[in-house]
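Let's take a friendly walk through this protein, from the whole chain down to one residue and then to the ligand. Keep the structure open as you read.

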Amino acid sequence: MPKRSKLFKTGDSFGNSEQALMLKEYWIHIYCGDALLELDKITDNSVDCIITDPPYFLDKMGDDWNKEKLEEASQKSKVIGGLPVGMKFDSKQGIALQKFYTIVSQKLYRVLKPGGFFLSFSQPRLSHRMAIAMEDANFEVRDMYAWHYSQKSQAKAFSMDHFIEKRNISDTEKERIKKKLAGRKTPQLRPTFETIVMTQKPREGGFVDNFLKWGVGLIDTKITLDGKFLNTVMMVEKPSREKYNCHLTVKPVRLIQHLIEIFTSKGQIVLDPFLGSGTTALACKKSGRKCIAIEINRDYIEIAKTRIKGEVYDKY
Ligand SMILES: C[S@@+](CC[C@H](N)C(=O)[O-])C[C@H]1O[C@@H](n2cnc3c(N)ncnc32)[C@H](O)[C@@H]1O
């Protein structure tokens, strides 16, 4: 178990925060609040690594969820208003995400140690916006991971029959159009991967000097996933939907733990400014890292607490 860090001493800006939830046994510190405000409370160059899965600004995936809506949505197996979550296409969403994420990234840049890594999950169709936001905040874009899963996810493409049926034309004409469009669907592929943009805060000097001074900037190539050497494609199954966790976008603990072990050393601090149901914090606990996290939705923090304390069994 990591030793108590000076950063968490009672009386400092963390220990005094009324809203902070501190799980002392594991050195996990969760703030309930807006990341844009809470990040300003963190000391310059104090965080070793940032791993996060931000809100994507897609339909029904913002931060305006309450518990009832979430439970209702998860019961409907992610289908909301007849459309799967995140399906409605609007290019303005990407632009909004980039604007928001540029500000977030600027704030993250200040708190991360020189040479520290900042990894950000994204839907493939938004990765370009995310990478540019991170680069505009002065991070160096180093690579892109694909988190690959094999489970069948919901096919997003749908046929035009419903719309043809609604047309004010004869049945014969409807049948003729349906035949012409047979097999044709909306341009949405079945998702089997998510991207993770891998960036680094510029080092102070060379790799060795930076590592000796800050303890970060190099990856640990001894870490493997299912016995395989580090690879940009990581195959890890999606967590199954658990009763105690109504969050819609839970990441596998094993995947986050794998990333934490590559990019940090034991006892170091991982920051997740969009904690959701607590996956990063749980992965920190399992890998002997400290965690600072922010989440705007109190219901999710309650789920995170239960998971971290081991009151529920997390398969992944
Ligand atoms: C994609 S989810 C993270 C899911 C997480 N990886 C997990 O495994 O449970 C993003 C989270 O960011 C939270 N969020 C949205 N806007 C926020 C903000 N301004 N500050 C802090 N958290 C925010 C949402 O409530 C949501 O839980």
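## The protein as a whole

Of the 316 residues in the protein, 50% are buried. Keep in mind that this is a predicted model. The surface that the protein exposes comes to about 16000 Å², and carbon and sulfur atoms supply 53% of that area.

The secondary structure adds up to 10 helices and 11 strands. How much of the contact network links residues that are 24 or more positions apart? Counting the contacts with a separation of 6 or more, such pairs account for 78%.

## Helix 3 and its neighbours

A good element to look at next is helix 3, which covers residues 91–111. Does its length agree with what you would expect, or disagree? At 1.5 Å a residue, its 21 residues should span 30 Å, and the end C-alpha atoms are 31 Å apart, so the two values agree.

Many positions to click on here are buried ones: Gln-93, Gly-94, Leu-97, Gln-98, Phe-100, Tyr-101, Thr-102, Val-104, Ser-105, Leu-108 and Val-111. The buried residues of helix 3 pack against two other helices, helix 1 (35–38) and helix 4 (127–136). They also pack against strand 3 (47–52), strand 6 (112–122) and strand 10 (269–272).

## A closer look at Thr-102

Thr-102 sits in helix 3. Why does Thr-102 count as buried? Its relative accessibility is 16%, and the cut-off for buried is under 20%.

Which residues does Thr-102 touch, leaving aside those up to four places away in sequence? They are Ala-133, Asp-136 and Ala-137.

## Around the ligand

Now turn to the ligand, which has 21 residues around it. Those that come nearest are Ala-35, His-247, Ser-277, Thr-279 and Glu-295. Sorted by class, the shell holds 9 nonpolar, 7 polar and 5 charged residues.

Some polar pairs are worth displaying. Glu-295 places a polar side-chain atom 2.6 Å from an oxygen atom of the ligand. At Lys-251, a polar backbone atom is 3.0 Å from a ligand oxygen atom. Ile-296 also uses its backbone: an N or O atom there lies 3.3 Å from a nitrogen atom of the ligand. As for cover, the ligand on its own has 610 Å² of accessible area, and the protein covers 95% of it.

Methods
Residues are numbered from 1 along each chain as its sequence is written. This is a predicted model: local features need pLDDT of at least 70, side-chain atom pairs count only at pLDDT 80 or more; totals for chains, interfaces and linings use all residues. Side-chain values use heavy atoms; hydrogens and water are left out. A residue is near a molecule or strand if one of its heavy atoms lies within 4 Å of it. A polar contact is a pair of N or O atoms within 3.5 Å; within protein, one must be able to donate a hydrogen and the other to accept it, and residues adjacent in sequence count only if both atoms are side-chain atoms. Accessible areas come from the Shrake-Rupley method with a 1.4 Å probe; for residues, only the protein chains shown count as cover. Ala, Val, Leu, Ile, Met, Phe, Trp, Tyr, Cys and Pro count as nonpolar, Asp, Glu, Lys and Arg as charged, and the others, Gly among them, as polar. Helices (H or I, at least four residues) and strands (E, at least two) are DSSP runs, numbered from the N terminus. The expected span of a helix is 1.5 Å times one less than its number of residues. Buried means under 20% relative accessible area, exposed over 50%, partly exposed in between (1.4 Å probe, protein chains only). Contact means heavy atoms within 4.5 Å.
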